[in-house]
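This report describes selected features of one structure for a reader who is new to it. The sequence and the model are shown first.

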Amino acid sequence: MTTTEAPIPVRSPLPQGLAGQTAVILGGSSGIGLAAGAMLASLGARVVLNGRDEARLDAAVERARAAGPDGDVRGVAGDVADDDAIEEVFKRAGTVDHVLVTAGGLGGAGPITEVTRDAARGAFEARLWSVLSTVRTAVPAMAAGGSFTLTSGGLVTRPRPGLAVPVGVVGGIETLTKALAVELAPRRLRVNTVRYGMVDTPLARGGIGAGADEAGDRAFAEAGLQAPLGRWGTADEAASAVLFLMANPYMTGEILTMDGGQTL
Ligand SMILES: NC(=O)c1ccc[n+]([C@@H]2O[C@H](COP(=O)([O-])OP(=O)(O)OC[C@H]3O[C@@H](n4cnc5c(N)ncnc54)[C@H](OP(=O)(O)O)[C@@H]3O)[C@@H](O)[C@H]2O)c1
């Protein structure tokens with residue numbers, strides 16, 4: 001393990017301090033990851049977006065590029081469940097300051113009496129091993145003061161029946177956050193997680209059967225009326241929590257809940 005005697009650099013904790021830094025976003029072609037990519041580009045950061053579907057990734061790169069003054073945004077397609085694909089992303093990214101992982105679904109759902117070893121292993125590899133593999137690959141390419149931001153969800157504290165495997169796996173991301181924060185602090189790297197409630201993204205819309213059209217907007221807005229603040233979160237609101245954690249050099253080991261009070 002590389003350690004350094006020098007403390008973590010003091011930098012502006014404002015999002016504007018991310019200008020000129022490089023951010024890799026695994027799961028950056030849609031939803032929260034894309035919103036974070038566009039926001040980072042708008043601040044003058046260099047952005048590398050990843051996702052599996054190449055057409056969706058190309059469109060996302062165009063959108064994020066349009067948001068930025070320099071348009072330094074590129075895409076590297078690949079599945080985070082594939083170690084080689086993760087290596088390729090970081091090989092193409094060069095020196096990296098910040099990594100956001102939003103990729104990986106909620107596989108393995110079903111009653112506990114019907115859970116199979118294969119399903120549980122698949123969920124672990126898609127969501128938790130992909131994070132471990134990302135971190136071990138990225139660390140050697142990262143500069144002091146850099147950060148990882150991981151993603152979990154409110155189901156971890158308010159589970160529902162039939163979700164033991166996905167909730168167990170995503171809960172692992174939260175404990176991993178603290179373990180990695182301690183392990184990587186001597187390298188002056190930070191690790192945090194944002195725990196989201198319902199956020200308006202293609203994933204969340206798909207979950208309630210709402211599309212991207214006007215009817216989908218209405219259905220999503222109506223469903224969100226039950227939330228404490230009368231609506232669910234926007235992808236930009238979700239992304240701004242990520243930028244806060246990336247930019248503030250004194251944030252590490254934190255599970256930041258961003259759910260508009262949904263878990264209260
Ligand atoms: N939206 C919510 O309400 C909500 C609530 C709680 C937690 N979360 C969590 O937040 C994260 C982001 O969600 P989102 O709503 O932004 O979802 P989204 O709109 O579906 O975006 C997910 C992104 O990840 C990519 N992706 C998925 N699996 C991948 C894989 N194996 N390898 C590489 N890229 C992959 C997708 O592109 P491809 O499909 O093309 O690969 C897409 O770019 C997820 O982990 C989700 O569980 C979301």
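Two strands are said to pair if DSSP finds at least two bridges between them. Strands (E, at least two residues) and helices (H or I, at least four residues) are DSSP runs, numbered from the N terminus. The model is predicted, so that local features need pLDDT of at least 70 and side-chain atom pairs count only at pLDDT 80 or more, while totals for chains, interfaces and linings use all residues. Residues are numbered from 1 along each chain as its sequence is written, and side-chain values use heavy atoms, with hydrogens and water left out.

**Strand β1 and its neighbours**

Strand β1 (residues 22-26) is joined by five bridges to strand β2 (residues 46-50), and the two run parallel. Within this pairing, leucine 26 of β1 has asparagine 50 of β2 as its bridge partner. Between β1 and β2 the chain passes through helix α1 (residues 31-42), and this β-α-β crossover is right-handed; that is, with the strands pointing away from the viewer, the path from the first strand over the helix to the second runs clockwise.

Strand β4 (residues 96-101) also runs parallel to β1, with four bridges between them. Here isoleucine 25 is partnered by leucine 100 of β4.

Accessibility is described in three classes: buried (under 20% relative accessible area), exposed (over 50%) and partly exposed (in between), with a 1.4 Å probe and protein chains only. Five of the five residues of β1 are buried, so the strand is largely enclosed by the rest of the structure. In a regular strand, side chains alternate between the two faces of the sheet. In β1 both faces are covered: Thr22, Val24 and Leu26 are buried on one side, and Ala23 and Ile25 on the other.

**Salt bridges within helices**

The structure holds ten salt bridges, each defined as a side-chain nitrogen of Lys or Arg within 4 Å of a carboxyl oxygen of Asp or Glu. Three of them are listed below.

| Pair | Closest N and O atoms |
|---|---|
| Lysine 91 and glutamate 88 | 3.5 Å |
| Arginine 92 and glutamate 88 | 3.5 Å |
| Aspartate 118 and arginine 121 | 3.8 Å |

Glu88, Lys91 and Arg92 are linked in a network. Lysine 91 and glutamate 88 are three residues apart in helix α3 (residues 83-93), and therefore separated by about one helical turn. Lysine 91 is exposed at 66%, whereas glutamate 88 is partly exposed at 28%. In helix α4 (residues 117-138), aspartate 118 and arginine 121 lie three residues apart.
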